[in-house]
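Student: I would like to learn how to read helix packing and burial from a model. Could we work through one case together?

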Amino acid sequence: MSDPLSATMHIASSGLQAQSERLRVVSENLANARSTGDAAGSDPYSRKTITFESEFDRAQAASLVKVKDIGTDNAPFLVEYEPGHPAADENGYVKMPNVNVLLELADMRETNRSYEANLKVMTQAREMVMRHIGLLRD
Amino acid sequence: MEPVYLTKLISQSNGWLSTRQATIAENIANANTPGFKAKDVEPFVSVIDKTRLAMTATHGNHMGTNSDMPETSKVRKSDSWLVTHSGNSVSIEQELVKTGEVARAHSLNASVAKSFHRMYLASVK
């Protein structure tokens, strides 16, 4: 079994990595909140989803976290009446992405919270190591 | 020489705290993993109560028998403050409270070790 404190660092960093990947997906969704298709009646950007999975790491003897899958949301697209738009169909309706900005912002806050918690664990493990070194110092 | 085995006790306790910190890190890293159950280590009291004879690993091929290390045990679902719809039972607040406990106990251990060390040094001088 490896040193639990260095295992802590590994686990927390896997958490940080997973959460930053999640933030990337959120930013992709937010950036493309109004991205329509370019041909008439074509599908717009569809919202991306991310799922995590815990993975047992034999070297650390602990469950790390990793991104399982980045999928797409199957929710129906919103339609807006905008006859002058290049992606409008014959009736003048444009399909808009199924991105809910409010939902993405809430997801972003949750990501931020989890990221901070991982960071806190890492800082504390570091403090514990420094305390051990401090015992040798004087 | 050392009637209370203080140094060993402190080192054991710090080892237990490190393991607990690793377990908390696991819980927090998996705070958004569907179906993940929060874990915790067994209490330190039950670790030091287990005074059993363990075989020593003297060869690289021996199976690891590290008896001092507490085993991580699964927490029952009811111990967690929160169970989300995805079956995840990690509450970040609860885990942060636990890290606070670990930090406090660890700092106490370090201070006690330091003051005992000072006492030894004073007798040497």
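The dialogue below goes through one chain, its helices, the contact between the chains and one loop residue.

Tutor: Keep in mind that this is a predicted model. We can begin with chain B.

Student: What pattern does chain B follow along the sequence?

Tutor: Read from start to end, chain B runs α-β-α-β-α. Its secondary structure comes to three helices and two strands. Of the 125 residues in chain B, 26% are buried. Among the contacts in chain B with a separation of 6 or more, 70% are between residues 24 or more positions apart.

Student: How do I check the span of a helix such as helix H3 of chain B?

Tutor: Take 1.5 Å a residue and compare the result with the distance between the end C-alpha atoms. H3(B) covers residues 92-124, and its 33 residues should span 48 Å. The end C-alpha atoms of H3(B) are 48 Å apart, which agrees. For H2(A), the 37 residues should span 54 Å, and the end C-alpha atoms are 53 Å apart, which also agrees.

Student: Which residues of H3(B) are buried?

Tutor: Start with the general idea. An α-helix has 3.6 residues a turn, so residues three or four places apart point the same way. In H3(B) the buried residues are B:Ile92, B:Glu95, B:Thr99, B:Val102, B:His106, B:Asn109 and B:Ala113. The cover over these buried residues includes H2 of chain A and helix H1 (6-29) of chain B.

Student: Why does B:Ala113 count as buried?

Tutor: Count the C-beta neighbours: B:Ala113 has 20 of them inside 10 Å, and therefore counts as buried. B:Ala113 sits in helix H3 of chain B. Leaving aside neighbours within four places in sequence, B:Ala113 is in contact with A:Leu135 and B:Ile10.

Student: At what angle do H1(B) and H3(B) pack?

Tutor: For a helix pair, look at the angle and the distance between the axes. H1(B) and H3(B) pack at about 160°, with their axes 10 Å apart. The two helices are therefore roughly antiparallel to each other. H1(B) passes H3(B) in a left-handed crossing. On the H1(B) side, the contact includes B:Leu6, B:Ile10, B:Leu17 and B:Ile24, and on the H3(B) side it includes B:Val102, B:Ala113 and B:Phe116. The residues of this contact divide into 11 nonpolar, seven polar and three charged.

Student: How close do the axes of H1(A) and H2(A) come?

Tutor: The axes of H1(A) and H2(A) come within 9 Å and cross at roughly 160°. H1(A) and H2(A) are therefore roughly antiparallel. The crossing of H1(A) past H2(A) is left-handed. By class, the residues in contact between H1(A) and H2(A) are 16 nonpolar, seven polar and three charged.

Student: Now for the contact between the chains. How many residues does each chain give?

Tutor: Chain A gives 30 residues and chain B gives 27 residues. On the chain A side, the elements that give two or more residues are helix H1 (4-31), strand E1 (48-57), strand E2 (62-72) and helix H2 (101-137). H2(A) provides the largest share of that side, 13 residues. The chain A side divides into 15 nonpolar, 10 polar and five charged residues.

Student: Are H2(A) and H3(B) roughly parallel or antiparallel?

Tutor: Their axes are 10 Å apart and the packing angle is about 10°. That makes H2(A) roughly parallel to H3(B). From H2(A), the contact includes A:Ser114, A:Ala117, A:Val121, A:Gln124 and A:Met128, while from H3(B) it includes B:Ile92, B:Thr99, B:His106 and B:Ala113. By class, this contact has nine nonpolar, six polar and five charged residues.

Student: Which residues of H2(A) are buried?

Tutor: The buried residues of H2(A) are A:Thr111, A:Ser114, A:Ala117, A:Asn118, A:Val121, A:Gln124, A:Ala125 and A:Met128. What covers them includes H1 of chain A, together with H1 and H3 of chain B.

Student: One backbone question remains. What is the phi of A:Ala61?

Tutor: Again, the general idea precedes the case. Most residues other than glycine have a negative phi. A:Ala61 is not a glycine, yet has a positive phi of about 50°. A:Ala61 lies in the loop between E1 and E2 of chain A. With 14 C-beta neighbours inside 10 Å, A:Ala61 counts as partly exposed.

Technical notes:
Residues are numbered from 1 along each chain as its sequence is written. Chains are lettered from A and ligands numbered from 1 in the order in which they are written. This is a predicted model: local features need pLDDT of at least 70, side-chain atom pairs count only at pLDDT 80 or more; totals for chains, interfaces and linings use all residues. Two residues are in contact if their C-beta atoms, placed from the backbone, lie within 7 Å. Helices (H or I, at least four residues) and strands (E, at least two) are DSSP runs, numbered from the N terminus. Ala, Val, Leu, Ile, Met, Phe, Trp, Tyr, Cys and Pro count as nonpolar, Asp, Glu, Lys and Arg as charged, and the others, Gly among them, as polar. Axes are lines fitted to C-alpha atoms, for helices over the stretch in contact, and angles run from 0 to 180 degrees between N-to-C directions. Angles under 35 degrees count as roughly parallel, over 145 as roughly antiparallel, 65 to 115 as roughly perpendicular and the rest as oblique. A crossing is left-handed if the near helix is turned anticlockwise from the far one by less than a right angle, and right-handed if clockwise. The expected span of a helix is 1.5 Å times one less than its number of residues. A residue is buried if 20 or more other C-beta atoms lie within 10 Å of its own, exposed if 12 or fewer, and partly exposed in between; C-beta atoms are placed from the backbone.
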